[in-house]
Amino acid sequence: MSDKVIIIKAKSRIQLIDWREIWEYRELFLVFAWRDIKVRYKQTILGAGWALLQPLFSMFIFTIFFGNFAKIPSDALPYPLFVLIGLIFWGFFSGTLSAASGSLIANESIVKKAYFPREILPLSTIGTNLIDFSISFIMLLLVAVYFQVIPNILALLIIPLGIIIGALGAGGLGLLLSAFNIKYRDVRHALPFFIQMMIFLSPVIYPSSIMRPSFRYLIALNPMAGVIEAVRIVFSGGTSVNWITLAISGTSSILLFIIGYYYFKSTERFFADIV
Amino acid sequence: MMKPIIEVSHLSKKYKYGESQPYYTLRDALVNFIKTPASLLSKKQSSLKKNEFWALKDVSFKLNQGDVLGILGPNGSGKSTLLKILSRITFPTEGSAMLRGTVGSLLEVGTGFQQELTGRDNIYLNGAILGMKKSDITKKFDEIVNFSGVEKFIDTPVKHYSSGMYMRLAFSVAAHLDSRILIVDEVLAVGDAEFQKKCLGKMESVSKNEGRTVLFVSHNMMAVKRLCQKGILLKNGKMEAEGSIESVISKYAEVADVSKKFIPIKIPRIGVTINKISINKKEKGKVYPGKPLKISIELSAQKKVENIGLQIMISSDATEGRIFSTNTKTMKNIDVVLKKGKNHFTCDIHQFNLCSGKYKLGIAMDKPFVELYYNEADLFYFDVLETILEPALLPTLPAYGRVYMDHEWTIE
């Protein structure tokens, strides 16, 4: 039997991340994600079809109003495909963010009664949303086929990179907000509003090419801004990815992850007492 | 020489009063900060500020491999806090503990059970939350299902289970935990008597045959006596006694006393709080054999609650089993509706026919025939005093038996 020794002591201000323990509990990531997926579409007729319908409906509405009426430019892509890329990537980010932020509260009874590395709860929502993302991504490919758009080979690099940036950004912000949410339920009121506003601060319905370059760099602090922009370029067959904005978005997401994780670890000792 | 498996030294935990508020808002924090701007600067010390209390204070003990420790104490004495600290769910304010080996905690049956999922899914979910590996669960899956006795319904969502089946399945998963140290809170009080016996047997084999170290909280003295060799007694967060389980149990009977302040009991599921329980208030809590016994219970409900049963249980510390229970619905067929706010229940026993000695009073609340919301057989102890029942010549000593029955002699 392993001679594992557990030492319990009075609080030290900050807990280091125990990678070995997280590795030991790796299965729990999958179990939580699997549970959320199973529960989410129980007693629905369409089931996972909702992961297709939501972006599809938004695509139609946005195409009619912003593409046709407002005549918002869409660079080299047909507007429906253009807006769908934005919606799907933004949906992955915002879906993860809102699920992660509420994860500790939603699992209050588990937090109070069982021990496991707490970060698994918010971080496992990345997995859940990745499944939804994959389903809608297949639809995106079908739409691309319909419009006879052939992505550049660079897409094989940019798309995984975009997912990683989105996961780090949403995961980090989610860690921060989930810990904050335990103490201050203001998050519950502020977050839906914040997410709604953020969609306009991301180039989802408009191309970032309509912005001044300096403003483009500022917007790129939003991790999805650089990602959506780059994905659209490679989707339309181009190679002229704006590496600077992508780098800004990438750095921003890494910073968000570090800050979020730090705040999470520095408050986690009190979760079970306050929640 | 073998090192102790568990070493607990000077463990203390401080809590704040008035956290009854469901949660803070940012505004509350700002208000607090404006009121006491120094609060951010001052370092927490081992002294208490007003509105703080020690849920646990200076608790120390050691356990060797294979020891089974019973943790006793009245409600609010710090038992659960101690288990939560040792399970690493919450952390101590002072002191430390060292545990040599993997820890499995069973603070609740069915932690994380998901109503929508099937029994099969929930076994994997609950097992993973308790720290089991998927491969281990798969290996033990049949054993778990057999133990629970719900084979037929294993692919049915647990929301369709009866509460008994639910509890059986939940306990079965937990009983198959493989850790070296097992921490068990009051979880044996589930299911029917037969299943309880089965659980107890399982616990026994876990500790005796497998040489695992167990910490065990229960109000069921028979279970404690059967399972544990050692015991500690907590009261108001402090250790009152330590030693052999027999000595600690008898000490506990002295401590858990009706005259002490009653700590309100919350039943969050139905938004009900038991504020006060008193017996023979007019007589200042004195109870005599053959005389009336009046039990008064004050509840407050956050909102109207329909279809509820209130049950009173009386049992003896000296003998096994319950002596008397009454339930508003199942015994008296009263349809109780709790109104919002305070509700008063009074149970008049016209003649309390138990002989002198120590007895326990318990309360349960249920949705009659459907669901048990709360069940605590051991809320407090009360004494039935010795008296001389006219025209007897000797007092009602326990030696004469447990029950006094009204009777007449005929001599021909």
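In this predicted model, I begin with the contact between two helices of chain B. On one side, B:Gly119, B:Ile123, B:Asn126 and B:Gly127 in H3(B) contribute to the contact, and they meet B:Leu169, B:Ala170 and B:Val173 in H5(B). By residue class, this contact of H3(B) with H5(B) comprises four nonpolar residues, three polar ones and no charged ones.

The geometry is as follows. H3 of chain B covers residues 119-129, H5 of chain B covers residues 163-175, and their axes come within 10 Å of each other, crossing at roughly 40°. That angle makes H3(B) oblique to H5(B). As for handedness, H3(B) passes H5(B) in a right-handed crossing.

Let me stay with H3(B) and turn to its second partner, which belongs to the other chain. Helix H2 of chain A, residues 26-40, packs with H3(B) at an angle of about 140°, the axes being 10 Å apart. Here the crossing of H2(A) past H3(B) is left-handed. From H2(A), the residues involved are A:Leu28, A:Val31, A:Phe32, A:Trp34, A:Arg35 and A:Lys38, and in H3(B) they meet B:Asp121, B:Leu125, B:Ala128 and B:Ile129. The contact of H2(A) with H3(B) divides into seven nonpolar residues, no polar residues and three charged residues.

How many of the 11 residues of H3(B) are buried? Nine are, so H3(B) is largely enclosed by the rest of the structure. The buried residues of H3(B) are B:Gly119, B:Asp121, B:Asn122, B:Ile123, B:Leu125, B:Asn126, B:Gly127, B:Ala128 and B:Ile129. Their packing partners come from both chains: H2 and helix H5 (108-113) on chain A, together with helix H4 (134-148) and H5 on chain B. After H3(B) comes B:Gly131, with a positive phi near 100°.

A second covered helix in chain B is H2, residues 79-86, where seven of the eight residues are buried. Those buried residues of H2(B) are B:Lys79, B:Thr81, B:Leu82, B:Leu83, B:Lys84, B:Ile85 and B:Leu86. Following H2(B) is B:Arg88, and its phi is positive, near 65°.

This brings me to backbone torsions. Most residues other than glycine have a negative phi. Two residues in strands of chain B deserve a look in that light. B:His10 is not a glycine, yet has a positive phi of about 50°. The residue sits in strand S1 of chain B, residues 6-16, and B:His10 is partly exposed, at a relative accessible area of 48%. B:Asp58, likewise not a glycine, has a positive phi of about 60°. Its location is strand S2 of chain B, residues 52-63, and with 43% relative accessibility B:Asp58 counts as partly exposed.

Next, two loop residues, one from each chain. Is B:His219 buried or exposed? B:His219 is buried, with a relative accessible area of 11%. In chain B, B:His219 is found in the loop between strand S7 (213-217) and helix H7 (221-227). Setting aside neighbours within four places in sequence, B:His219 is in contact with B:Gly73, B:Asn75, B:Lys79, B:Glu186, B:Tyr252, B:Lys360, B:Glu376 and B:Asp378. One of these, B:Lys79, is also among the buried residues of H2(B). By contrast with those contacts, the C-alpha atoms of B:His219 and B:Glu151, which lie 68 residues apart along the chain, are separated by 31 Å.

The loop residue from chain A is A:Lys71, located between helix H3 (49-69) and helix H4 (79-106) of that chain. A:Lys71 is exposed, with a relative accessible area of 61%. From A:Lys71 to A:Phe82, the separation is 11 residues in sequence and 13 Å in space, C-alpha to C-alpha.

I close with chain B as a whole. Chain B contains eight helices and 18 strands. Of its 412 residues, 49% are buried. Among contacts in chain B between residues at least 6 apart in sequence, 70% join residues at least 24 apart. The exposed surface of chain B amounts to about 21,000 Å², of which carbon and sulfur atoms supply 54%.

Definitions and conventions:
Residues are numbered from 1 along each chain as its sequence is written. Chains are lettered from A and ligands numbered from 1 in the order in which they are written. This is a predicted model: local features need pLDDT of at least 70, side-chain atom pairs count only at pLDDT 80 or more; totals for chains, interfaces and linings use all residues. Side-chain values use heavy atoms; hydrogens and water are left out. Axes are lines fitted to C-alpha atoms, for helices over the stretch in contact, and angles run from 0 to 180 degrees between N-to-C directions. Helices (H or I, at least four residues) and strands (E, at least two) are DSSP runs, numbered from the N terminus. Angles under 35 degrees count as roughly parallel, over 145 as roughly antiparallel, 65 to 115 as roughly perpendicular and the rest as oblique. A crossing is left-handed if the near helix is turned anticlockwise from the far one by less than a right angle, and right-handed if clockwise. Contact means heavy atoms within 4.5 Å. Ala, Val, Leu, Ile, Met, Phe, Trp, Tyr, Cys and Pro count as nonpolar, Asp, Glu, Lys and Arg as charged, and the others, Gly among them, as polar. Buried means under 20% relative accessible area, exposed over 50%, partly exposed in between (1.4 Å probe, protein chains only). Accessible areas come from the Shrake-Rupley method with a 1.4 Å probe; for residues, only the protein chains shown count as cover.
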